[in-house]
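Please open the structure in your viewer and keep the sequence beside it, so that each stop on this tour can be selected in turn.

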Amino acid sequence: MRDFGQVATFHTSEQEISPMCIYLVKNDSKGDKLLFRYPFCSFGRPVKVTANDQKRSLHKESVMDNAVQPHELNDFTDDVLSSLFAVKTELCGRKFELKVNNVRFVGNPIQIQTGGNEGVGKHGGVGGETKPESPSIILINIVFALDSFARRLIVHNYYEISRCVGVALKHEEKRCAYLSSQIKDMLMVHDSMATGSECDLDTSFENDQHFEKILKNCSLAQYLKRVFEDISTTGKVNIKVDGWIDVSYCVTSKVHRFFRKDQYFEPYFIDKCLEGIAPYHGLLLLADRKVLLDSLPLDTSPSVVRVINMYSPIKSLETLSADSDLTIAQVFNIAGHLVYWGDATIIFPLTENNLYTIAPHVPTERNNKYALKFKEKFPDYDLLEVMSEFSFPTSLQYKMCPVDDKSSGSTMVQIIIWLLQHKMLLQLHTYIYFMPSSKGLGYYKEESDDDDDEHYKLPSEEPMAMYQLRSDTESVVTTYSESMCKAEKMFHELDEAEQMAMMHIPATANPDDFQLLMRLLRKGYFKGNHHIEEIMYLQNIRRSDLIQLLDKFKDVLVIVEMQDPIISCFYSQ
C-alpha cells in the first residue's frame with residue numbers, strides 16, 4: 001500500500017492548539033508599552049497569592065463558547081510583559097519565542113516607520129488635523145501565549161499569523177497612518193484612566209477597565225479580539241484590517257477535526273495527501289454551495305467560482321475540469337485550496353458500485369449533536385438506524401435497488417452525502433493480490449511502459465495448458481502479437497509452482513484473458529497498491545471486464561477491501 005498518511009494524526013490536546021491570550025506591544029523612543037491584550041479578565045494584574053492558589057488562570061472559562069480550558073501561568077504585571085515582548089530592533093522580522101514556566105510566547109516583531117505622511121486621510125490626526133508628524137520608528141509585536149508543549153508545526157502557525165497581521169498594519173500605516181492613530185487612541189485611554197502612580201496590589205482593578213474601554217473604542221483591538229476568537233473556535237482567520245487589507249489564515253489542526261478529541265491533523269500531512277490526488281478522484285463540498293460562494297472574498301478568482309458552480313459529487317476531477325473549461329492542474333489547485341480550508345474533502349465520485357461502511361470512532365449516543373442535526377435535515381429518518389444499515393460494507397446499488405419511489409431514492413443519496421460530509425461513512429475499495437502459491441508471488445521484474453519491446457524473446461516451448469491440450473496434428477503457433485510476446489515473457493518469469501497454478505485455470509486457455517492478466521501483472525497492479533477504480537482509469541478497462549477477470553482467475557487472485565490511502569487521512573485512525 002502507498003503510505004499517504006495512515007499515521008497522519010497525533011494525540012494532541014485542545015490546550016496545545018488553542019491560544020491562551022493575544023498581546024499587542026509597542027516600543028519606540030518613548031519606551032515600551034503593553035497596549036492591549038485579550039482576554040483581559042482575571043489576568044495581568046497582581047494579586048495576593050495564597051498558599052492554596054499559587055497560580056492563576058490566564059483567562060476565564062466563560063470568555064466564549066467552546067473556549068479552551070483555562071491555562072495556568074505565574075502572574076506578571078503588564079509592565080513586565082511589555083519589557084519581555086519589546087525586543088531590540090535587531091530581532092525585527094524574525095521569529096520571537098519566549099518560554100516562561102508552562103507557557104510559550106510566540107510572535108513576529110516588525111519595525112514600522114510612522115509619521116511624515118501628508119494628507120493621511122481619516123486616521124491622519126486627532127480632531128481632524130492633517131498636519132504631518134515627524135517620521136519616527138516604532139516596533140510592534142503581536143504575541144500569542146501558547147502551551148509550552150505545543151508542537152513545532154502548531155507554533156509555526158502563530159508565527160505566521162503574527163507576521164501577516166504585522167505586514168497588514170505596516171501597509172495601512174504607510175497608506176493612511178492607521179497604526180499611529182490606533183496607538184494614540186490606546187495611549188489616551190491608558191493615560192486618562194491612570195491614577196498618577198503605578199498600579200499596586202490594591203489599585204490594580206482598573207487594569208481590566210483600560211482594555212475593556214480600548215476594545216470598545218479602537219478597531220485594532222477589535223481585530224485582535226476577532227483573531228483570537230476565530231482561532232479558538234473555527235481555526236480560520238478572516239479579517240479586513242481597516243476595511244482595506246485582507247488577512248486570512250487557516251490553522252489546519254483546528255479546521256480538520258476527528259471524532260476522537262485527542263487527534264488532530266498536522267499540516268504537512270495534508271500537503272502530502274493532496275500530492276496524491278488523481279483525476280479519477282472527486283470533490284465533496286462540506287458546506288452549502290450558496291453559503292460557500294457568499295463567504296468567498298471579493299477578489300476571488302473566477303476559476304474558483306466556476307468550479308464551485310459546476311461541482312457535483314458524482315463528477316470526477318477530470319469531468320469537473322472539462323465542464324469548467326479549466327486545465328486539470330487548475331482544478332487540482334482549486335481542490336487543494338478548498339480541502340486545506342476545510343470547505344471540501346476528497347472522495348471517489350458517487351456511483352452505484354461504491355461500497356460504504358461506518359467510520360471508526362463515530363459517536364453512537366442516541367441524542368448526540370450529530371443525531372439532532374441529522375433529525376433537523378431528515379425528519380423521517382433516525383441517524384442510528386441509518387448507521388446500523390452500514391455496519392457491514394454496503395454498496396450504494398444495494399441501497400437503491402429496493403426503493404421504488406424515486407423521491408425516496410434521491411433522499412437516500414442525500415443522506416449518504418450528509419454522512420460523507422460528516423466523516424461518518426468511509427468508502428472501501430477493492431485491492432488485488434496475485435497469489436498463485438501458498439508462499440505468495442515470487443520475484444519478478446516489473447516492466448515500465450517505455451521498455452524496449454524489440455528485446456522480447458519467443459519461448460522455446462509452450463508452457464500453457466492451451467498448447468498442451470492441442471492434438472499433435474495442430475501446428476505450434478509461430479507468430480505472436482506484441483501483447484502475447486509480453487504475456488509469454490511475464491509467464492516465464494514466474495517460478496514453476498506459479499506456472500503450474502496458472503496452467504490449471506481454464507481461463508488461461510483464452511488468449512484475451514491471459515494477455516490481460518499478464519499485462520496487469522507486468523504493470524504491478526496485483527500487489528495491493530492499486531484499487532479497481534484506479535486500474536480502470538489507468539488502463540482504460542471497463543469494470544465489467546475487470547470483474548470477469550477476477551472471477552475467472554479467482555484461484556490465483558485475492559481481493560481485499562480497504563480505504564483509499566489518500567482519503568483515509570481525513571478519518572480517525
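The tour that follows visits a few charged side chains and their partners.

This is a predicted model, in which local features need pLDDT of at least 70 and side-chain atom pairs count only at pLDDT 80 or more, while totals for chains, interfaces and linings use all residues. Residues are numbered from 1 along each chain as its sequence is written, and side-chain values use heavy atoms, with hydrogens and water left out.

Side chains of opposite charge can pair when their charged atoms come close. A salt bridge here is a side-chain nitrogen of Lys or Arg within 4 Å of a carboxyl oxygen of Asp or Glu, and by this rule the model has 15 salt bridges.

Select Glu97 and Arg104 to begin with: they form a salt bridge whose closest N and O atoms are 2.4 Å apart. Glu97 is partly exposed at 30% relative accessibility, whereas Arg104 is buried at 12% (buried means under 20% relative accessible area, exposed over 50%, and partly exposed in between, with a 1.4 Å probe and protein chains only).

Keep Glu97 selected and add Arg152, which forms a salt bridge with Glu97, the closest N and O atoms lying 2.9 Å apart. This pair links distant parts of the chain, with Arg152 in helix H3 (residues 152–176) and Glu97 in strand S6 (residues 96–100), 55 residues apart. Helices (H or I, at least four residues) and strands (E, at least two) are DSSP runs, numbered from the N terminus.

Next, select Arg175 and Asp242, a salt bridge with its closest N and O atoms 3.3 Å apart. Here Arg175 in helix H3 is linked to Asp242 in the loop between strand S10 (236–241) and strand S11 (245–250), 67 residues away. Arg175 is partly exposed at 34% relative accessible area, but Asp242 is buried at 9%.

Finally, select Glu97, Arg104 and Arg152 together, which are joined into one network by salt bridges that share partners.
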